[in-house]
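Biologist: I've got this one open on my screen and would like a close look at a single part. Could you take me through the helix that comes first along the chain, and then follow the chain on from there?

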Amino acid sequence: MSSKPITGGTVLKLVFYSFVVGFIMYSMEWSPGDIFGWVANTVADIWNWFSGSGLEYVLLGATIVVPLFLFTRWRNRSRSKG
């Protein structure tokens, strides 16, 4: 399996984007914990909204099916390249 090498330009882009995002987060007084907490709370709110309905089982199944689907696609893609 061949992958693109990480060049100096890629590193500079990552540093630049990290600086921009960090500056925005600092100016808005956000921390990574705030963002991860917001995501977790949003998922919990969606789960609570589905609770008590048949759709709860769809979400339960999706926690297994979706990652397996993505892994299989990734594996097949890596096999076809190499």
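**A helix in the open**

Modeller: Of the 20 residues of α1, just 1 is buried, so this helix lies largely in the open. Bear in mind as we go that this is a predicted model. As for length, α1 reaches 28 Å from its first C-alpha to its last, close to the 28 Å expected at 1.5 Å a residue.

Now look at what α1 shows on the outside. There is a nonpolar patch on the surface, made of F16, Y17, F19, V20, F23, I24, M28, W30, I35, W38, V39 and V43, and together these have about 1300 Å² of accessible area. Two elements give two or more residues to the patch: α1 (8-27) and α2 (32-50). The largest share, 6 residues, comes from α1. From the α2 side, take W38 as an example: this tryptophan is found in helix α2 and is exposed, with a relative accessible area of 58%.

Between these two helices sits a residue worth clicking on. E29 lies in the loop between α1 and α2, and just after α1 it takes a positive phi of about 60 degrees. Why flag that? Most residues other than glycine have a negative phi. E29 is not a glycine, yet its phi is near 60 degrees and positive. This glutamate is also exposed, because its relative accessible area is 70% and the cut-off is over 50%.

Following the chain on, you come to α2. Its 19 residues should span 27 Å at 1.5 Å a residue, and its end C-alpha atoms are 27 Å apart, which agrees. Another tryptophan to pick out is W49, which also has its place in helix α2. W49 is exposed, with a relative accessible area of 66%. To get a feel for distances, draw a line from W49 to K13: they are 36 residues apart along the chain, and their C-alpha atoms are separated by 40 Å. Just after α2 there is one more positive phi, about 90 degrees, at G52.

That leaves α3. This helix has 27 residues and reaches 38 Å from its first C-alpha to its last, close to the 39 Å expected at 1.5 Å a residue. There is a bend in α3 all the same, of about 40 degrees, at A62. V66 is found in this helix too, and V66 is partly exposed, with a relative accessible area of 41%. If you want a distance back to an earlier part of the chain, V66 and F50 are 16 residues apart in sequence and their C-alpha atoms are separated by 18 Å.

Last, have a look at the aromatics in α3. The count for the model comes to 2 aromatic pairs. One of them is F71 with W74, a tilted pair at 5.8 Å centre to centre and 40 degrees between the planes. What places these two rings on one side? Residues three or four places apart in an α-helix point the same way, because there are 3.6 residues a turn. F71 and W74 are 3 residues apart in helix α3 (residues 55-81), so about one helical turn separates them. F71 itself is partly exposed, with a relative accessible area of 42%.

Technical notes: Residues are numbered from 1 along each chain as its sequence is written. This is a predicted model: local features need pLDDT of at least 70, side-chain atom pairs count only at pLDDT 80 or more; totals for chains, interfaces and linings use all residues. Side-chain values use heavy atoms; hydrogens and water are left out. Patches are made of residues with over 30% relative accessible area and no salt bridge: like charges are joined within 9 Å, nonpolar side chains (Val, Leu, Ile, Met, Phe, Trp, Tyr) within 5 Å. Accessible areas come from the Shrake-Rupley method with a 1.4 Å probe; for residues, only the protein chains shown count as cover. A salt bridge is a side-chain nitrogen of Lys or Arg within 4 Å of a carboxyl oxygen of Asp or Glu. Helices (H or I, at least four residues) and strands (E, at least two) are DSSP runs, numbered from the N terminus. Buried means under 20% relative accessible area, exposed over 50%, partly exposed in between (1.4 Å probe, protein chains only). Rings of Phe, Tyr and Trp (its six-membered ring) pair if their centres lie within 6.5 Å; planes under 30 degrees apart count as stacked, over 60 as edge-to-face and the rest as tilted. The expected span of a helix is 1.5 Å times one less than its number of residues. The bend at a residue is the angle between axes fitted to the seven residues ending there and the seven starting there.
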